[in-house]
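Colleague: Please take a close look at how one pair of helices packs in this model. I would like the geometry first, then the residues involved.

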Amino acid sequence: MQRILRRLALYILIFSLTFILVASNGIVHHQTVINTAQFNSCLNNLSTPCITPDPTTSENPITPFTPDSQLNEQQRFLTTIAIKLPTIPQPGTFEYILLRKYGAPFINQKAETKLPPKVMFANEQETKEFQSTLEMVKVNGTNDCYLQQSAGLAFNKARALQNIPLKSGYGSGDCTRTFTTNLRFWNKYANSRTLDKVRQGKETAILGVVAPPGSSQHLWGLAIDLRVSNPKQRQALNQNGWFQTVENDIPHWTYLGLTEAELPVFGFKKQVVRGITYWITPI
């Protein structure tokens with residue numbers, strides 16, 4: 001009789017364990033479906049943020065790269081951006097001109113900051129494919145101003161310290177833009193003949209006013225146009241990794257994710273124009 005009872009208890013134990021394992025797998029699958037749906041919805045609506053890190057996992061921190069101090073400014077910059085940019089454009093090419101003017105973000109050391117695989121997108125489709133991979137965050141106090149999560153969180157910290165209004169005061173055009181918006185801004189200030197001159201290296205002044213189609217930092221979610229009028233605002237932005245990197249484009253701010261003291265380490269040149277400090281790429 002005792003043998004029968006022991007055998008019955010064993011069967012009950014096995015059945016219970018099997019039921020628990022099956023049920024737990026069902027719960028995990030259900031949770032995965034919910035997360036996938038939330039993720040798809042987020043991409044469609046640019047919610048905040050689009051990808052939430054799993055708190056149960058921990059990744060080894062990535063050691064920031066520091067260029068060899070024995071190298072000159074240009075070499076330090078190029079060796080750094082080579083980590084994020086698969087192919088460095090050759091000097092004298094149109095792509096090299098764009099890299100010189102707009103390539104500052106490629107030195108960004110933040111692991112969570114995503115950079116494009118080249119300096120210029122060819123069309124709307126390429127732009128959308130890249131933007132669909134970004135983690136986006138909404139700028140506090142706006143209706144439709146979104147930036148890459150690392151850039152947006154840093155800007156929100158600066159804005160918590162100082163009132164820093166957008167250039168337009170409200171619009172998404174100040175933040176992450178579509179290829180179509182980039183093209184619209186270009187056509188407002190320039191035309192195809194101007195673009196041909198830029199390609200030939202005969203016209204560069206226009207690049208401080210508007211970026212050629214497909215080349216704007218705004219397409220990357222790492223730039224914002226602001227109305228900055230006092231040193232305290234600039235200090236708050238600089239302390240949180242935001243700098244002016246496009247000479248003569250006064251409203252334009254770029255997220256580099258570094259401190260001001262670190263910028264010369266990566267080869268940047270400090271240039272003061274009409275009282276405004278720009279950090280220029282050394283190429």
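**Helix packing and the largest pocket**

Modeller: In this predicted model, helix 5 (residues 149–161) and helix 8 (residues 231–239) have axes that come within 8 Å and cross at roughly 150°. Two packed helices are described by the angle between their axes and the distance between the axes. Angles over 145 degrees count as roughly antiparallel, and helix 5 and helix 8 are therefore roughly antiparallel to each other. The crossing of helix 5 past helix 8 is right-handed. On the helix 5 side, the contact is made by Phe155, Ala158 and Leu161; helix 8 contributes Ala236, Leu237 and Gln239. By class, the residues of this contact are 5 nonpolar and 1 polar, with no charged residue.

The lining of the largest pocket can be described in a similar way. This pocket has a volume of about 450 Å³. It is lined by 25 residues, and those closest to its centre are Lys167, Arg177, Phe185, Val209 and Asp225. Helix 6 (residues 179–189) gives the most to the lining, with 4 residues. Sorted by class, the lining of the largest pocket holds 10 nonpolar, 9 polar and 6 charged residues. Charged residues are thus present in the pocket lining, whereas the contact of helix 5 with helix 8 has none.

Definitions and conventions: Residues numbered from 1 in each chain as written. Predicted model: local features only at pLDDT ≥ 70, side-chain atom pairs only at ≥ 80, totals over all residues. Heavy atoms only, no water. 1 Å grid on protein atoms, 1.4 Å probe; cavity = no way out; pocket = protein on both sides within 12 Å on 5 of 7 lines; lining within 4 Å. Points joined across faces, edges and corners; volume = space filled by probe spheres on them. Helix = DSSP H or I, 4+ residues; strand = E, 2+ residues; numbered from the N terminus. Nonpolar A, V, L, I, M, F, W, Y, C, P; charged D, E, K, R; others polar. Axes fitted to C-alpha atoms, helices over the stretch in contact; angles between N-to-C directions. Parallel < 35°, antiparallel > 145°, perpendicular 65-115°, else oblique. Left-handed = near helix turned anticlockwise from the far one by under 90°. Contact = heavy atoms within 4.5 Å.
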